[in-house]
Amino acid sequence: MARLAYVDGRYVAHNAASVHVEDRGFQFSDGVYEVISIVGRRLIDMEGHLDRLERSLKALDMPEPVSRPVLAMIMRELVTRNRVREGIIYLQVTRGVAPRDHKFPAGLKPTLVMTTKHVDFLNQKRLSDGVKVISIPDIRWGRCDIKAVALLPNCMGKTQAASAGAYEAWQVDTEGFVTEGTSSNAWILTRDNVLKTRGLGPDILRGVTRDSLMRIAAEEGVTVVEEAFTVEEARDAREAFVTSATSFLTPVVKIDDRVIGNGAPGSLSCRLQRWYIDYCTGVRGNG
Ligand code: PMP
């Protein structure tokens with residue numbers, strides 16, 4: 001069966017799926033998106049992702065393309081039609097099609113697009129071996145809490161990381177504090193054994209994986225401090241890791257040229273990762 005995409009009410013062949021050249025997503029990056037992982041055919045944290053989608057749409061004064069139950073129904077239908085057992089579903093909403101003009105035109109019909117991809121996440125070596133990250137200046141805009149499709153700085157950062165043989169780039173604000181990765185949230189276990197991740201605000205995306213991990217950590221009696229940390233503190237940390245829907249909890253074993261801990265994933269990172277994966281696979285319930 002050919003891979004399908006969903007475009008504005010129709011399931012179409014993935015390689016023929018397209019939107020209009022005057023779609024504002026194409027012209028202005030005037031759109032928002034979500035990426036949800038699929039583990040054992042289950043969409044992980046779908047409600048959290050739909051909550052964030054609603055927040056992003058509201059922040060940009062964009063209407064919902066369809067109601068939430070219909071959105072959930074289309075997502076499930078596409079995953080079923082494409083027989084995705086392990087992978088992701090990508091969902092994008094743009095303001096719609098209109099003659100090119102910077103001002104938001106009133107009354108547009110939003111464009112809704114979804115695609116899926118097969119990825120065998122849980123068997124990736126980086127989950128067990130850990131990864132390297134580099135640090136780069138954060139050159140993004142002032143509303144990183146909105147999951148907008150305008151990802152050029154993130155793409156540049158990720159490309160720079162790949163050129164340096166790293167998995168991710170941690171972006172650093174003008175005061176020397178790490179904001180987040182280009183497509184993940186950043187965490188460290190400090191020298192003094194404090195598990196830290198930056199607090200919510202306009203300078204980071206509120207990761208759905210971050211939310212779930214904080215809940216799981218609390219259930220397990222692990223304290224998380226939502227506080228910014230400097231890149232120096234990170235290089236000096238006992239442990240470090242990133243979280244996102246597609247990297248789950250990926251340990252960090254090197255930051256720039258500094259080896260973290262003994263160069264292997266730290267023990268708290270491994271425990272948190274196990275709990276999070278158990279949550280995704282349903283071993284822990286409500287994944
Ligand atoms: N920060 C950024 C900039 C991201 O792109 C992502 C991935 N969507 C995240 C954090 C992590 O978010 P989530 O856990 O919802 O995937």
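## How the two domains meet

Buried area here is the accessible area, taken with a 1.4 Å probe, that two parts lose on being put together, summed over both. By that yardstick, domain 1 and domain 2 of this predicted model bury about 1,700 Å² between them, with 63% of it on carbon and sulfur atoms. On the domain 1 side, Tyr33, Asp45 and Arg52 give up the most area to domain 2, together 34% of what that side buries.

As for where the domains run, the assignment puts domain 1 at 4-119 and domain 2 at 125-281. Their C-alpha centres are 26 Å apart. Contacts between them involve 21 residues of domain 1 and 20 residues of domain 2. If you go looking for salt bridges across the interface of domain 1 and domain 2, the rule finds zero.

## Aromatic pairs

Now for the rings. The structure has seven aromatic pairs. One of them joins tyrosine 6 and tyrosine 11: the ring centres are 5.3 Å apart and the planes sit at 70°, so this pair goes down as edge-to-face, since the cut-off for that label is over 60 degrees. The two partners get different burial labels: tyrosine 6, at 7% relative accessibility, counts as buried, while tyrosine 11, at 24%, counts as partly exposed. The line between those two labels is drawn at 20%.

Tryptophan 187 and phenylalanine 241 make a stacked pair, 5.2 Å centre to centre with 20° between the planes. This pair ties together distant parts of the chain: tryptophan 187 belongs to strand S10 (residues 185-189) and phenylalanine 241 to strand S13 (residues 239-244), 54 residues apart. Tryptophan 187 is buried, with a relative accessible area of 0%, and phenylalanine 241 is buried too, with a relative accessible area of 2%.

There's also an aromatic cluster to pick out in the viewer, formed by Phe121, Phe248, Tyr276 and Tyr279.

## Arginines over rings

Tyrosine 11 turns up again here. Besides pairing edge-to-face with tyrosine 6, tyrosine 11 has arginine 81 lying over its face, at 4.0 Å from the ring centre. That puts arginine 81 over a ring that counts as partly exposed, at 24% relative accessibility.

Another arginine does something similar: the charged end of arginine 95 sits over the ring of phenylalanine 104, 3.4 Å from the centre of that ring.

Technical notes
Residues are numbered from 1 along each chain as its sequence is written. This is a predicted model: local features need pLDDT of at least 70, side-chain atom pairs count only at pLDDT 80 or more; totals for chains, interfaces and linings use all residues. Side-chain values use heavy atoms; hydrogens and water are left out. Rings of Phe, Tyr and Trp (its six-membered ring) pair if their centres lie within 6.5 Å; planes under 30 degrees apart count as stacked, over 60 as edge-to-face and the rest as tilted. Buried means under 20% relative accessible area, exposed over 50%, partly exposed in between (1.4 Å probe, protein chains only). Helices (H or I, at least four residues) and strands (E, at least two) are DSSP runs, numbered from the N terminus. A charge sits over a ring if NZ of Lys or CZ of Arg is within 6 Å of the ring centre and within 35 degrees of the ring normal. Domain bounds come from an automatic or database domain assignment. Contact means heavy atoms within 4.5 Å. A salt bridge is a side-chain nitrogen of Lys or Arg within 4 Å of a carboxyl oxygen of Asp or Glu.
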